[in-house]
Amino acid sequence: MAAPPRNRTTEKAHVDDEALQRYCGAWRDMQCSRRGGGGGGDAFVVGAVYHIAEDLTDITLMDAYSGEVVRRMDGLSRPGLRVCAGGDMICVVSPGDGLLRVVDVATGDLTDLSMGCSAATGRNVSSGYTLGKVPATGEHKLLHVYAAANGSQSSEVLTITTGAGGGCQWRATRSHPPMRIEHGISRSSATVGGVVHFLSPATTSAPRDRGVECDTIAAFDLATEQWRPVLMDGPLPADQRHRGQRPNLSLAALGGRLVAVHHDYPGRTINLWSLTPNTTTWTKLHSLPIKNVLRGWEEEPTSHPAAEAKRGGRSKKRKKKKEEVRWLCREKVAQPLAMVGDGRMAVWARGCEGAVRLHDPRTGACEEVAQVEKGGCVLGFYSGALAQGEEF
């Protein structure tokens, strides 16, 4: 994410206790000069940027109204490092050696949880982590879904207790995922009311279980630590439920409800469907013109380069080629993050480049808040207050 210059040493700082304590101190001491812009209350985007050349990860907390980076941790390095966010916490996980550290978003306080051995072992295991909160108890739990080389999926869960002196253990969940789920792409899941919802694998070539459509949803209850045995039908009309639509779907949590997001590229709209609580009924919330949210959709190429080649003219061919490249590099995905206090929707726009924007569904106005760096992603959204650090 676009941010001030990073304060980094030339040597990699591995994620050990001393390094993380230092990072958390820096996170806590940064000043938040602008909070709750526009009278909408506190709203912050939790983001991460992975720098491939340096093999380092930066974590940032950005004001959703101004784009100002108000907290940051720079230069986390560890083989297989994973970062996830949920509720008011950030988890830094390194499954290969059992590292698990939890950072309180508001205060920067660090909790060291000494994990027991994970059941997910072996070189060919792929993992995904989801951090969520149980509303009834206030507990945070970390769900780990992993797949073996043959594609079979299992899961385990760990309860996060701040201030714990270690000894936390992974527990195998009481059931297995009722279908193959997408556990490696964050926008394929959303947590609402202590229940984590997952779509099926995002690739159209992935094997599909019998009876599973492109918008079918599986659910894991964090309180009972069980997968719900009954799958949930998604909102797409029957004529759109084909395998090719799966990459155009995502899930989000907006205003305490589960929302399915469908990019209807032929129709040039982004459709948002809301699930009525305690029912299986979907209601269409919005049908947003895609050009209002994503850049590059204002107009289409006037013709295809192949057709232009038949008419001749090298200069025209070069012009059309540039148009085609621009068209291919347009932003392709708008992922809703949260509704902020003034009624606008925070959106992460993704393409060759990315940005965080505030979109007003009532007027269609879309304000760009910040650019997202190459290699950057959004981990979550935080709407609480921040503890203030000491003056420099």
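**Strand pairing and the surroundings of M179**

In the predicted model, R82 stands opposite V93, a residue of strand β6. Strand β6 covers residues 89-94 and pairs with β5 in the antiparallel sense, the two strands being joined over 5 bridges. Both strands belong to an open sheet of 4 strands, arranged in the order β5-β6-β7-β8 with antiparallel pairing. The edges of this sheet are occupied by β5 (82-86) and β8 (110-112), each of which has a single partner strand, so that one side of each is left without a neighbour in the sheet. Neighbouring strands of the sheet are turned against each other by 20 degrees on average, when direction is ignored.

Two further positions, L199 and P229, were examined with respect to M179. L199 lies in strand β14, which comprises residues 195-199, and its C-alpha atom is separated by 9.2 Å from that of M179, a residue 20 positions away along the chain. With a relative accessible area of 2%, L199 is classed as buried, because this value falls under the 20% cut-off used for that class.

P229, in contrast to a strand residue, is found in the loop between β16 (226-227) and β17 (249-254). The C-alpha atoms of P229 and M179 are 9.5 Å apart in space, while the two residues are 50 residues apart in sequence. The relative accessible area of P229 is 73%, and this residue is therefore exposed, the value being over the 50% cut-off. Of the two residues compared with M179, L199 is thus buried, whereas P229 is exposed.

Definitions and conventions: Residues are numbered from 1 along each chain as its sequence is written. This is a predicted model: local features need pLDDT of at least 70, side-chain atom pairs count only at pLDDT 80 or more; totals for chains, interfaces and linings use all residues. Side-chain values use heavy atoms; hydrogens and water are left out. Buried means under 20% relative accessible area, exposed over 50%, partly exposed in between (1.4 Å probe, protein chains only). Two strands pair if DSSP finds at least two bridges between them. Axes are lines fitted to C-alpha atoms, for helices over the stretch in contact, and angles run from 0 to 180 degrees between N-to-C directions.
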